[in-house]
Amino acid sequence: MSDDPVLYERRGPVAHVTMNRPRYRNAQNSAMTYALDTAFYRAAEDPEVKVVVLAGAGEHFSAGHDIGTPERDAHLPFERRAGLWWDHSERHGAESRFARESEVYLGMCRRWRELPKPVIASVQGACVAGGLMLAWICDLIVASEDAFFADPVVRMGIPGVEYFAHPWVLPPRIAKELLYTGDRMPAGRAYDLGMVNRVVPRHELGTATEALALRIAGMPQFGLALTKRAVNQAEDLQGLHTGLDSVFGLHHLAHAHNAETAADPLGGMDVTGMKEAAKRAVR
Ligand code: ZN
């Protein structure tokens, strides 16, 4: 087993990018974020690659941002690739958080969404909070029957993850329900709502995703790039780009409020706290 946080393999015209922290349900630390960025850059650059597949090793696609593993590295400095915000590690308070999340979350997700080749998410098990951001920046989502989608960060007093695409990828009332309850949305419901493209048995997830990728790979590369841009532009004209910016401000208001009034910017919540709060919630 490789220790690399992200694996990269090209098979024919398809680049397979795989998050590789299965022990921690592919929780995203900065090491993984930058490894993902390197992989996407490589896929964009390679003329042989027509389509990219983003998957997660192990039982789950991604449990979200790393808020508690031994390799959590949120305090460390980073390279700036998504933007020019300064290094957060020497700054304090809201400034530090805003600089960091502008780069590693919002900035990176926007950058990846612009990768000029189709990207397909292959989702099994948990796709939670920060996991949603990664699935949502993909053009298509293939999910296994056991996959579920959730954004429980309202339990931290925060209005959703940093990449607030919820009311664009879901009808607004459903987006509110997802956020207000923190409940898991099963793959079948996500399919009915148009949030995912295919739902397949778990053992067929890899082959079904690859078959779709190969089918798309038959199209002309520039045509695919222009088509992706056309639909992304339409989403931005529907307010996605400015919506992300305005909610990013609310997100940071919540972090700052937590830091002022609670134990920390996450409202005193860690992985255990989130699990216990979910158990206490009335179903
Ligand atoms: Zn945040």
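**Sheet, helix packing and zinc site of the predicted model**

Within the central sheet, Ala-143 is positioned opposite Val-199 of strand β9. The structure described here is a predicted model. The pairing of β6 with β9 (residues 198-200) is parallel and comprises 3 bridges. Ala-143 is also the bridge partner, in β6, of Val-123. This second pairing joins β6 to strand β4 (residues 119-123), again in the parallel sense, over 4 bridges. Of the 5 residues that make up strand β6 (residues 140-144), 4 are buried, so the strand is largely enclosed by the rest of the structure.

These pairings belong to an open sheet of 6 strands, arranged in the order β1-β2-β3-β4-β6-β9, with mixed pairing. The edges are occupied by β1 (6-11) and β9; each has a single partner strand, so one side of each is left without a neighbour in the sheet. From one strand to the next, the twist averages 20°. Strand β3 (residues 51-56) is paired with β4 in the parallel sense, with 4 bridges between them. Within this pair, Ser-122 in β4 is the bridge partner of Ala-55.

Ala-213 provides a view of how a helix is placed against other parts of the chain. This residue belongs to helix α7 (residues 205-217). Its relative accessibility is 0%, and Ala-213 therefore counts as buried. When residues up to four places away in sequence are set aside, the contacts of Ala-213 are Val-14, Val-51, Val-53 and Ile-120. For one of these, Val-51, the C-alpha atom is separated by 6.0 Å from that of Ala-213, although the two residues are 162 residues apart along the chain.

Two helix pairs were examined through the geometry of their axes. For α1 and α2, the axes come within 11 Å and cross at roughly 25°. Since angles under 35 degrees count as roughly parallel, α1 and α2 are therefore assigned to that class. The crossing in which α1 passes α2 is left-handed. On the α1 side, the contact involves Ser-30, Thr-33, Tyr-34, Leu-36, Asp-37, Phe-40 and Tyr-41, while α2 contributes Arg-100, Glu-103, Val-104, Met-108, Arg-111 and Trp-112.

Helix α2 (residues 93-113) also packs with α9, at an angle of about 150° and with the axes 11 Å apart. Angles over 145 degrees count as roughly antiparallel, and α2 and α9 are therefore described in this way. Here the crossing of α2 past α9 is right-handed. The residues of α2 that take part are Arg-97, Phe-98, Glu-101, Ser-102, Leu-106, Arg-110 and Arg-113. They meet Leu-240, His-241, Leu-244, Asp-245, Phe-248, His-251, His-252, His-255, Ala-256 and Ala-259 of α9.

Several residues of this helix interface reappear at the zinc site, including Glu-101, His-251 and His-255. The zinc ion has protein donors from Glu-101, which is listed for two OE atoms, from Glu-162 through OE, and from His-251 and His-255 through NE2. These donors lie 2.1 to 2.3 Å from the ion. Along the chain, the donors follow the spacing E-x60-E-x88-H-x3-H. Glu-162 and His-251 link distant parts of the chain: Glu-162 is in the loop between β7 (148-150) and α4 (166-169), whereas His-251 is in helix α9 (residues 240-261), 89 residues away. Both residues of this pair are buried.

Two loop residues display a notable backbone conformation. Asn-26 has a positive phi of about 55°, although this residue is not a glycine. Its location is the loop between β2 (14-19) and α1 (30-45). With a relative accessible area of 0%, Asn-26 is buried. Ala-129, likewise not a glycine, has a positive phi of about 50°. Ala-129 is placed in the loop between β5 (126-128) and α3 (130-136). The relative accessible area of Ala-129 is 9%; because buried means under 20%, Ala-129 is classed as buried.

Notes:
Residues are numbered from 1 along each chain as its sequence is written. This is a predicted model: local features need pLDDT of at least 70, side-chain atom pairs count only at pLDDT 80 or more; totals for chains, interfaces and linings use all residues. Side-chain values use heavy atoms; hydrogens and water are left out. Donors are N, O and S atoms within 2.8 Å of the metal (3.2 Å for Na, K and Ca); water is not among the atoms, so sites may look incomplete. Buried means under 20% relative accessible area, exposed over 50%, partly exposed in between (1.4 Å probe, protein chains only). Two strands pair if DSSP finds at least two bridges between them. Axes are lines fitted to C-alpha atoms, for helices over the stretch in contact, and angles run from 0 to 180 degrees between N-to-C directions. Angles under 35 degrees count as roughly parallel, over 145 as roughly antiparallel, 65 to 115 as roughly perpendicular and the rest as oblique. A crossing is left-handed if the near helix is turned anticlockwise from the far one by less than a right angle, and right-handed if clockwise. Contact means heavy atoms within 4.5 Å.
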